[in-house]
Amino acid sequence: MFEPMIRKKQQMELNEASALLQTENTGVLSVLTEQGYPYGVPVNYAWKDSVIYFHSGKQGLKVRCMQKNNQVCFTVIGQDQVVGEELTTYYTSVVVFGKVRLAEGAERTKGLMALCEKYSSMLDFEIRKQKCESNRTANLYVIEPVQITGKKALELVSE
């Protein structure tokens with residue numbers, strides 16, 4: 001279904017790719033517009049229980065694109081260090097192909113809690129829970145991965 005990575009030596013193990021998804025703060029969600037153009041937009045997200053949660057407004061281009069076509073690509077860049085004298089970049093990245101859907105009910109609350117836990121952990125748990133359960137202004141989406149591929153610069157590959 002998906003092409004295998006050409007530079008297999010640089011491919012991350014799934015647990016390493018998962019760790020990168022767990023630790024980074026921003027990913028780029030890519031969707032396809034009705035006109036056939038790719039549209040990539042940065043979003044904050046949470047990786048929990050092998051799915052990606054992110055929130056959004058209830059309308060707009062991103063929402064219309066996801067309603068029309070639930071196949072998405074989500075990219076996260078970890079390390080990104082340009083090494084000019086070596087004419088290279090030391091990088092780590094993960095690309096997730098998956099299917100996106102709107103979360104509702106308990107799943108919506110779970111996703112919002114995962115986001116609050118990641119970005120607002122300094123708040124008391126009960127305050128976070130109350131804010132998540134009472135939030136009616138945001139949509140919460142779930143990306144169920146179909147394929148996850150992590151890659152790192154050759155210089156970061158341990159022999």
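Q: In this predicted model, what stands opposite Ser56 in S7?
A: That's Asn139.

Q: What makes S4 and S7 count as paired strands?
A: They share five bridges, running antiparallel. Pairing takes at least two bridges, so S4 and S7 qualify.

Q: How do you know that S3 and S4 pair too?
A: Same kind of check: three bridges join S3 (residues 46-48) to S4, and the cut-off is at least two, so they count as a pair. Trp47, for one, has Ile52 in S4 as its bridge partner. The two strands make a hairpin with two residues between them, and Asp49 in that turn has a positive phi of about 55°.

Q: Why is the Phe54 and Tyr141 pair called stacked?
A: A search of the whole structure turns up three aromatic pairs. In the Phe54 and Tyr141 pair, the centres are 5.5 Å apart and the planes 20° apart. Centres within 6.5 Å make a pair and planes under 30 degrees apart make it stacked, so the label fits. The pair connects strand S4 to strand S7, across 87 residues of chain, and both residues are buried.

Q: What makes Lys118 a charge over the ring of Tyr45?
A: Its charged end sits over that ring, 4.0 Å from the centre. The distance limit is 6 Å, so that part of the test is met.

Q: Why is Val146 called partly exposed?
A: Its relative accessibility is 42%. Buried means under 20% and exposed means over 50%, so Val146 lands in between. This S7 residue joins Met1 and Phe97 in a nonpolar surface patch of about 350 Å².

How values were computed: Residues numbered from 1 in each chain as written. Predicted model: local features only at pLDDT ≥ 70, side-chain atom pairs only at ≥ 80, totals over all residues. Heavy atoms only, no water. Patch = residues over 30% accessible without salt bridge, like charges linked within 9 Å, V, L, I, M, F, W, Y side chains within 5 Å. Areas by Shrake-Rupley, 256 points an atom, 1.4 Å probe, with all protein chains shown as cover. Salt bridge = Lys/Arg side-chain N within 4 Å of Asp/Glu carboxyl O. Helix = DSSP H or I, 4+ residues; strand = E, 2+ residues; numbered from the N terminus. Buried < 20%, exposed > 50% of the residue type's maximum accessible area, 1.4 Å probe, protein only. Phe/Tyr/Trp six-rings, centres within 6.5 Å; stacked < 30°, edge-to-face > 60°. Lys NZ or Arg CZ within 6 Å of the ring centre and 35° of its normal.
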